[in-house]
Amino acid sequence: MKQGKSAQIKKIKHINQKQHKKQHEEKLPPFNYDEFAGFLRARYYLTHHDKYSRETFEVASFFLDDVIAMMVNQNFSAFTSNERATVNLSEVMQATLVNSDDKDWRYFVMLVPVLYDMQKFIVKESSVNPRFVAQEPKFDINFWRMIMRTVMAINFFKWQGKDVAEMMKTSQAIDTLQFKFLSENEADDDFNLAVIHETFKGLSPVLRSLKNAEVEESTISITDSVLETELAYAKIKLGQFKLASVKDVVSDNVTAMLYAFHEGMAKEYGLTHDSWSAEALKAFTVHHLLDYWRPEWQDLDGIGGELKSYLTFLSSKQAITGLKDKIDNLDYVDRYIDVSALNYLLADMSIDDTATRA
């Protein structure tokens, strides 16, 4: 008996020592959002990019980006301390949808089929991630369809400049509209896509404006010779940029977007690459980019960040100056490009195309 008790005490002491040592060793390094989000995005790509159509995956990837940001925002003190954040996943996802007021209505319809898998993905990842833990909420597809209809109804009024908070207090207009978006059947609720499409006809999402995104149109038209030289230079540098990057990161979609900056900035503002400013780059992004670039679904999420990467590359080749000033003043441009391109492609989808992915 004594021997057994002694062994038991030693075992308990050993476990306590191991736990103390583990706690000491597991003190987390300072929180780095880009590393945290980048890891989850990479894991999602590896586990899900072959599971959906490319359009659905890109929509899901955009949503995951925003879910991660909301998750950290709602639990910021925990993420930036040495404690493990406890994430209410249902609340995070609902808040993310409400904040997605810069997306075309088709975005919300296309998200429904991926929500269950995304919940399971985040919960699974949280089980091995020292930064957070998330419990899997009960999933009800009709509940989420109701949330999507409500968010679309809110956006309809918001894009017209209406005070949505006041409307919720004084009228039933939002509820009435979301019920119009509903098509009931015996099993699950559906979206009445014809009604939704007709309701949003002629109405576009309102993106957050870019500060200082105005520049005077050039009164000096660029010569054909200078334009030809600029475009030839663009092809050379974009080829080098692609070779210098990690394999498959710089797709044809990326190079087409960056080529549009070379061509469009020259034609619209009379500016070659060595004269680009942050203000001109922002103005072109807002007013002209989609006139010179036709986005594709391939590698769409995060494509806006390649502009800063390309500027950094040009700076390393002494092709531009003032890189820090340009980068510092291009805040939010990456997301503006991402969402603009996404909305462009979503708006081009027919009702039938949308229905097959709902």
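What is the mean pLDDT of the chain, and what share of its residues reach 70 or more? In this predicted model, the mean pLDDT (the predictor's confidence in each residue, from 0 to 100) is 90, and 91% of residues reach 70 or more. Two stretches fall below 50: residues 1-7, for which the model has 0 contacts beyond four places in sequence, and residues 19-25, which likewise have 0 contacts beyond near neighbours in sequence. Contact here means heavy atoms within 4.5 Å. Where pLDDT is low, the predicted coordinates should not be read in detail.

Local features need pLDDT of at least 70 and side-chain atom pairs count only at pLDDT 80 or more, whereas totals for chains, interfaces and linings use all residues. Residues are numbered from 1 along each chain as its sequence is written, and side-chain values use heavy atoms, with hydrogens and water left out.

The chain contains 19 helices and 4 strands, taken as DSSP runs numbered from the N terminus (helices H or I, at least four residues; strands E, at least two). Its C-alpha trace spans about 100 × 55 × 40 Å along the principal axes. Of the 358 residues, 45% count as buried, where buried means under 20% relative accessible area, exposed over 50% and partly exposed in between (1.4 Å probe, protein chains only). Among contacts between residues at least 6 apart in sequence, 77% join residues at least 24 apart.

The largest nonpolar core, a set of buried Ala, Val, Leu, Ile, Met, Phe, Trp, Tyr and Cys residues joined through side-chain atoms within 4.5 Å, has 102 residues, of which I122, F132 and F261 touch the most other members. Helix 3 (residues 54-74) supplies the largest share of this core, 11 residues. Outside four places in sequence, I122 contacts L64, V67, M71, L89, F132 and A134.

Helix 3 also holds D65, which is buried because its relative accessibility is 16%. Beyond neighbours within four places in sequence, D65 is in contact with Y33, R41 and D301.

Helix 12 (residues 224-244) packs against helix 16 at an angle of about 100°, with the axes 11 Å apart. Axes are lines fitted to C-alpha atoms, for helices over the stretch in contact, and angles run from 0 to 180 degrees between N-to-C directions. Helix 12 is therefore roughly perpendicular to helix 16, a term covering 65 to 115 degrees. The contact involves Y233, A234, K237, L238, Q240, F241 and A244 of helix 12 and E306, S309, Y310, F313 and L314 of helix 16. These residues divide into 8 nonpolar, 2 polar and 2 charged; Ala, Val, Leu, Ile, Met, Phe, Trp, Tyr, Cys and Pro count as nonpolar, Asp, Glu, Lys and Arg as charged, and the others, Gly among them, as polar.

L311, also in helix 16, is buried, with a relative accessible area of 0%. Not counting residues up to four places away in sequence, L311 touches W276, L281, I320, L323, I327 and L330. The C-alpha atoms of L311 and L271, 40 residues apart along the chain, are separated by 15 Å.

Loops on either side of helix 16 contain non-glycine residues with positive phi. D299, in the loop between helix 15 (289-292) and helix 16 (305-316), has a phi of about 50° and is partly exposed at 31% relative accessible area. Q318, between helix 16 and helix 17 (323-328), has a phi of about 60° and is exposed at 66%.

Key:
Parallel < 35°, antiparallel > 145°, perpendicular 65-115°, else oblique.
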